[in-house]
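Dear colleague,

Please find below the structure I am passing to you, followed by a short account of its charged pairs and cysteines.

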Amino acid sequence: MVAAPPNPLHLVVGDEESSKRRQILDGARKVFLELGFDGASMGEIARAAGVSKGTLYVYFPDKAGLFAAIVEEEKHEQGKVAFNFDPARDVDTTLPEFGRAYVAVLCRPGGGSAIRTVMAIAERMPELGSRFYTHVIAHTVDRFAAYLEARAALGELEIDDYQLAAWQFMQMCQATLFQAFIFQANPSPSPERIATVVDSATRVFFAAYRPKQAD
């Protein structure tokens with residue numbers, strides 16, 4: 001018995017729905033950034049997205065739901081980056097590689113929009129800010145701290161507080177780059193500039209946490 005082919009109409013509708021949702025989210029992000037959460041209205045979002053208010057309400061019941069979807073999208077986008085924290089890899093390879101990849105995704109062109117929006121609304125909607133922090137930022141810190149602990153157990157590092165050490169390295173990698181980018185003082189940094197900052201951060205980190213050689 002031959003299986004029936006998939007319904008092409010169903011596939012088309014699915015693609016259309018995905019495209020329409022993308023269109024709405026792009027319009028909403030633009031309005032939120034220009035007008036802020038309070039200043040944005042569903043009517044303004046519908047106009048920016050090029051859809052009717054009726055269509056907008058089919059996809060999202062209110063602007064809080066729209067904003068939550070933007071946060072989830074940023075979480076998903078950053079989650080696509082698979083930082084290699086294989087405990088078998090040495091720190092000389094892993095730290096600079098991770099630092100460069102981390103700053104590149106943090107400061108990617110267009111990537112600051114959702115972060116700026118989350119920062120702007122976190123006080124009013126703390127559950128969204130907390131969700132973003134937990135699933136995007138803290139998740140990476142936890143994985144990196146576990147890697148540092150594994151390498152310390154092998155004698156490569158001497159660290160008392162792995163979470164603190166992980167934060168220190170990640171913050172040093174952002175130095176002069178992320179704040180200038182997020183406040184739109186500078187565009188996304190070049191790979192060469194990222195490498196310069198991350199290499200410096202790596203040297204400082206090793207100076208603090210390498211086992212001291214006996215005289």
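Arg22, Asp26 and Arg29 are linked in a network of salt bridges, where a salt bridge is a side-chain nitrogen of Lys or Arg within 4 Å of a carboxyl oxygen of Asp or Glu. Please note that this is a predicted model, in which local features need pLDDT of at least 70 and side-chain atom pairs count only at pLDDT 80 or more, while totals for chains, interfaces and linings use all residues. Residues are numbered from 1 along each chain as its sequence is written, and side-chain values use heavy atoms, with hydrogens and water left out.

Within that network, Asp26 and Arg22 meet at 2.9 Å, N to O. The two residues lie four apart in helix H1 (residues 8–39), so about one helical turn separates them; helices are DSSP runs of H or I with at least four residues, numbered from the N terminus.

Arg210 also forms a salt bridge with Asp92, with the closest N and O atoms 2.5 Å apart. This pair links distant parts of the chain, 118 residues apart: Arg210 is in the segment after helix H10 (191–209), and Asp92 is in helix H5 (residues 91–106). In total, the count comes to nine salt bridges.

A search of the whole structure for disulfides (pairs of cysteine sulfur atoms within 2.5 Å) finds zero. Cys107 is buried at 3% relative accessible area, and Cys173 is buried at 0%; buried means under 20%, with a 1.4 Å probe and protein chains only.

Kind regards

Notes. Buried means under 20% relative accessible area, exposed over 50%, partly exposed in between (1.4 Å probe, protein chains only).
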